[in-house]
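Me: I am new to this structure and should like to be guided through it by questions and answers. Please begin once the sequence and the model are in view.

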Amino acid sequence: MIAAGHLEAAPMVLVSGSLHVSITVATGAAVSSAEENLNPVPGGASATTDWMLYLPNPVSFSTPLASAVSQSSHLSVATPPDDSDRSGEVSSKKSMVDLSALEGLRASS
């Protein structure tokens, strides 16, 4: 998918609780001019183990890709939920990261 440029044209979307991240991959000459977004990811600390990675499903690759991910509980070729559809969603699972402990680490350095 990377070599064919599919992930440059359409992102993979990672969804877990309130986490919703679009991942694109630069290819060719665009690699040297790509700007990486290093901002904190909203909802990242509350990600759960029931995450799903939605892969773009280009027509030219749809059957083999759907077959390849059909047995996975974490990969899908379905259309990902729209981020705006989930604006009020809050994960019922406890955060996987203790944010207060991270703050303590930052304060001690």
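Me: In which sense do strand 3 and strand 4 pair, parallel or antiparallel?

Reply: This is a predicted model. In it, 2 bridges link strand 3 with strand 4. One residue pair illustrates this, since L53 has L75 in strand 4 as its bridge partner. The sense of the pairing between strand 3 and strand 4 is parallel.

Me: Which strands stand at the edges of the sheet?

Reply: The sheet is open, and its 4 strands follow the order 2-1-3-4 with mixed pairing. A strand at the edge has a single partner strand, so one of its sides is left without a neighbour in the sheet. The strands in that position are strand 2 (19-23) and strand 4 (75-76).

Me: Is L55 buried or exposed?

Reply: L55 belongs to the loop between strand 3 and helix 2. Beyond residues up to four places away in sequence, L55 touches M12, L65, V69, S76 and V77. The cut-off for a buried residue is under 20% relative accessible area. L55 has 11%, and is therefore buried.

Me: Which residues make up the largest nonpolar core?

Reply: In soluble globular proteins, nonpolar side chains tend to be buried together. Here the largest nonpolar core has 6 residues, L55 being one of them. Another member, L7, is in contact with residues including M12, leaving aside neighbours within four places in sequence. The full set is L7, M12, L53, L55, L65 and V69.

Me: How far apart in space are L55 and A10, C-alpha to C-alpha?

Reply: Along the sequence, L55 and A10 are 45 residues apart. In space, their C-alpha to C-alpha distance is 8.7 Å.

Me: Which backbone oxygen does the side chain of S70 reach?

Reply: S70 lies in the loop between helix 2 (62-69) and strand 4. With a relative accessible area of 47%, S70 is partly exposed. Its side chain comes to 3.0 Å from a backbone oxygen, that of S67.

Me: Which element of the protein chain has the lowest mean pLDDT?

Reply: For the protein chain the mean pLDDT is 77, and 76% of the residues reach 70 or more. Among the elements, strand 3 (residues 52-54) has the highest mean, 93. The lowest mean, 64, belongs to helix 3 (residues 99-108).

Me: Over which residues is the pLDDT below 50?

Reply: The stretch in question has 20 contacts in the model beyond near neighbours in sequence. Where pLDDT is low, however, the predicted coordinates should not be read in detail. The pLDDT is below 50 over residues 86-96.

Technical notes
Residues numbered from 1 in each chain as written. Predicted model: local features only at pLDDT ≥ 70, side-chain atom pairs only at ≥ 80, totals over all residues. Heavy atoms only, no water. pLDDT = per-residue confidence, 0-100. Contact = heavy atoms within 4.5 Å. Pairing = 2+ DSSP bridges. Core = buried A, V, L, I, M, F, W, Y, C linked by side-chain atoms within 4.5 Å. Buried < 20%, exposed > 50% of the residue type's maximum accessible area, 1.4 Å probe, protein only. Polar contact = N/O pair within 3.5 Å; in protein donor to acceptor, adjacent residues only side chain to side chain.
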